[in-house]
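Trainee: Please take a close look at the surroundings of the ligand. Then set that part against the rest of the chain.

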Amino acid sequence: MSKSLTVDMGECVGCDACVELCPRVFRRSPLGYIEVKEEKPQEDDCIWEVINCCPSGCIRWEED
Ligand code: SF4
């Protein structure tokens with residue numbers, strides 16, 4: 001079973017913590033939205049740090 005990393009844009013408050021803490025995985029798109037650069041990144045410490053720090057709790061792993 002694999003997991004995808006998702007950002008719920010309806011809940012994101014645009015603080016940029018994810019982009020600052022884990023730029024390998026998250027970026028701000030030209031239109032201003034937070035994007036996951038790789039839908040199925042390797043799990044690593046920076047992703048878990050971002051999930052724990054995101055003020056709106058909108059970054060989640062979803063099982064396929
Ligand atoms: S840390 Fe969470 S609330 Fe902040 S920009 Fe990233 S996804 Fe949005």
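Mentor: What follows starts at the ligand and works outward.
This is a predicted model, in which local features need pLDDT of at least 70 and side-chain atom pairs count only at pLDDT 80 or more, while totals for chains, interfaces and linings use all residues. Residues are numbered from 1 along each chain as its sequence is written.

Start with the shell. There are 14 residues around the ligand, and Cys12, Cys15, Ala17, Cys18 and Cys54 come nearest. A residue is near a molecule if its C-beta atom, placed from the backbone, lies within 6 Å of it. By class, the shell has eleven nonpolar residues, two polar and one charged. Here Ala, Val, Leu, Ile, Met, Phe, Trp, Tyr, Cys and Pro count as nonpolar; Asp, Glu, Lys and Arg count as charged; the others, Gly among them, count as polar.

Take Cys54 next. Cys54 sits in the loop between H2 and S4. Helices (H or I, at least four residues) and strands (E, at least two) are DSSP runs, numbered from the N terminus. Cys54 is buried, because 21 other C-beta atoms lie within 10 Å. The cut-offs are 20 or more other C-beta atoms within 10 Å for buried, 12 or fewer for exposed, and partly exposed in between, with C-beta atoms placed from the backbone. Leaving aside neighbours within four places in sequence, Cys54 is in contact (C-beta atoms, placed from the backbone, within 7 Å) with Ala17, Cys18 and Ile59. Gly14 is 40 residues from Cys54 along the chain, yet their C-alpha atoms are separated by 9.8 Å.

Cys54 also belongs to the largest nonpolar core. Ten residues make up that core: Leu5, Cys18, Cys22, Val25, Phe26, Ile34, Ile47, Val50, Cys54 and Ile59. A nonpolar core is a set of buried Ala, Val, Leu, Ile, Met, Phe, Trp, Tyr and Cys residues joined through C-beta atoms within 7 Å. Cys22 is another core member. Beyond its neighbours within four places in sequence, Cys22 is in contact with Cys46, Ile47 and Val50.

Now look at the loop with Asp16. Asp16 lies between strand S1 (3–7) and helix H1 (17–21). Its phi is positive, about 75 degrees, although Asp16 is not a glycine. Most residues other than glycine have a negative phi. Asp16 counts as exposed, because it has 11 C-beta neighbours inside 10 Å.

Other loops follow. Gly57 is in the loop between H2 and strand S4 (59–63). Gly57 is exposed, because 10 other C-beta atoms lie within 10 Å. Asp8 is 49 residues from Gly57 along the chain, but the C-alpha atoms are separated by 8.9 Å. Lys40 is in the loop between S3 and helix H2 (45–53). With 12 C-beta neighbours inside 10 Å, Lys40 also counts as exposed. Outside its neighbours within four places in sequence, Lys40 is in contact with Ser2 and Ser4. Its C-alpha atom and that of Lys3, 37 residues apart along the chain, are separated by 6.6 Å. Tyr33 is in the loop between strand S2 (26–28) and strand S3 (34–36). The C-alpha atoms of Tyr33 and Lys3, 30 residues apart along the chain, are separated by 22 Å.

Last, the whole chain. From the N terminus on, the elements run β-α-β-β-α-β. The radius of gyration, taken over C-alpha atoms, is 11 Å, close to the 11 Å that the globule rule (2.2 Å times the number of residues to the power 0.38) gives for 64 residues, so the protein is as compact as a globular protein of that length. The C-alpha atoms fill a box of roughly 30 × 20 × 20 Å along the principal axes. Buried residues make up 16% of the 64 residues. Of the contacts with a separation of 6 or more, 68% join residues 24 or more positions apart.

Technical notes. Two residues are in contact if their C-beta atoms, placed from the backbone, lie within 7 Å.
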